[in-house]
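Let's take a friendly tour of the empty space inside this protein. Have the 3D view ready to rotate as you read.

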Amino acid sequence: MKTFIYYPGMEVRDELWLKFALLWLERLAFVFTLSEQSRLPPLLDLLTQQSNLLAPSPSAADFDAITPRLIEQLGTLLAPSFVRHRVFGNKALIDRWQQGANHDCFCPAQAGLTHLHQYCLSHGLASQDEGGIRMARRLANLLSMYLAREWALTHDGILITDHDYLDRLLHLAESRYQPQGGQECFHLEIGLRLPVHLGTLPFDTLLAKRRHPDFTLALTGFHEALATLIKGLEEGRATPPMLTAFARARGLLEDEQLDTRLSSPPQAAAMAPLVLPLTLLISTAPGAAHQLSRLQATNAALARPLVFHPIKKSHFLRRKSLHGFTRLGQIRHG
């Protein structure tokens with residue numbers, strides 16, 4: 001069972017994201033503990049008590065193992081000779097991060113992050129605040145992205161966000177683009193159906209659905225088929241039967257979700273369900289074009305084909321994490 005790790009923030013954006021997670025994800029974890037300003041703790045307590053959705057956040061030992069390398073990275077950004085970094089930006093941006101007026105993001109104190117917070121405070125990258133520190137939001141997001149990636153690699157997790165910009169930054173942090181050679185990669189876009197009135201569905205309804213044995217079986221089957229398909233694509237051996245099995249598993253899980261529409265208002269019930277794109281980055285050691293060509297006819301025959309975005313070249317310098325993003329903005333006001 002893979003854990004989806006939400007980044008870059010300390011918590012998901014809003015309740016809608018948790019509703020999506022209840023319907024489509026096996027396990028969800030956050031990089032950080034929740035900030036004291038968050039309104040989500042009562043809801044998360046409910047999800048912890050009545051579902052198996054939430055996984056533990058990183059432990060102090062996890063962070064203790066990760067932060068020395070992150071502090072070393074920050075040290076290179078602050079060196080007098082520093083000019084530009086492909087992800088963190090240029091020296092002028094780093095200078096702005098050291099100005100207290102730009103420290104607009106609160107980061108709560110958390111076991112295992114004491115040394116990182118102290119380093120940021122001592123070098124002007126953060127300001128002390130009650131219960132934690134404040135720093136520039138983009139820097140906080142980048143540090144969260146780094147911590148999430150390292151945790152995902154050691155816990156067989158999948159990073160997930162609703163910021164495709166941060167997803168691109170993470171990919172850039174892991175790779176070096178070059179005109180020739182390197183691994184081929186592409187984005188795999190998967191359409192997931194959601195009830196059009198998801199925003200107004202009560203959590204009790206969703207929790208009852210998630211606890212139903214048939215739903216649990218369908219959810220497990222979907223993620224097993226997804227893991228098989230991803231592994232096949234990464235190894236260059238994905239076959240039409242894998243694609244068909246995945247589409248069937250997705251359909252079975254969507255069928256299990258159909259009765260969540262029963263209590264919707266008539267005008268909503270008459271509307272077609274929303275399709276949320278879940279996009280994952282896939283990199284392949286062998287060439288990807290032949291494999292995708294082999295899948296073309298089967299994919300085109302699916303009721304809702306997957307979208308294989310154009311192939312690009314990248315050379316991964318370190319272990320590559322599996323990460324992706326969603327775009328819930330289109331249903332945020334549904």
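What follows looks at one pocket and then at the enclosed cavities. Please keep in mind that this is a predicted model.

**The pocket**

The second largest pocket has a volume of about 300 Å³. Its lining counts 16 residues, and those closest to the centre are Arg168, His171, His187, Leu281 and Lys312. Helix H7 (164-174), strand S10 (183-194) and strand S11 (274-284) each give two or more residues to this lining. By class, the lining of the second largest pocket divides into 6 nonpolar, 4 polar and 6 charged residues.

**The cavities**

How many cavities of 30 Å³ or more does the structure hold? There are 2 cavities of that kind. Here they are side by side:

| Cavity | Volume | Lining by class |
|---|---|---|
| Largest cavity | about 70 Å³ | 8 nonpolar, 1 polar, no charged residues |
| Second largest cavity | about 30 Å³ | 7 nonpolar, 1 polar, no charged residues |

To find the largest cavity, select Phe32, Cys107, Leu113, Leu116, His117, Met135, Ala140, Leu143 and Leu147, which line it. Helix H5 (114-122) and helix H6 (137-155) are the elements that give two or more residues to this lining. The largest share, 3 residues, comes from H6.

Around the second largest cavity you will meet Phe4, Phe20, Trp24, Leu25, Leu192, Phe222, His223 and Leu278 as lining residues. Here the elements that supply two or more residues are helix H1 (15-24) and helix H9 (213-235).

Technical notes. Residues numbered from 1 in each chain as written. Predicted model: local features only at pLDDT ≥ 70, side-chain atom pairs only at ≥ 80, totals over all residues. Heavy atoms only, no water. 1 Å grid on protein atoms, 1.4 Å probe; cavity = no way out; pocket = protein on both sides within 12 Å on 5 of 7 lines; lining within 4 Å. Points joined across faces, edges and corners; volume = space filled by probe spheres on them. Helix = DSSP H or I, 4+ residues; strand = E, 2+ residues; numbered from the N terminus. Nonpolar A, V, L, I, M, F, W, Y, C, P; charged D, E, K, R; others polar.
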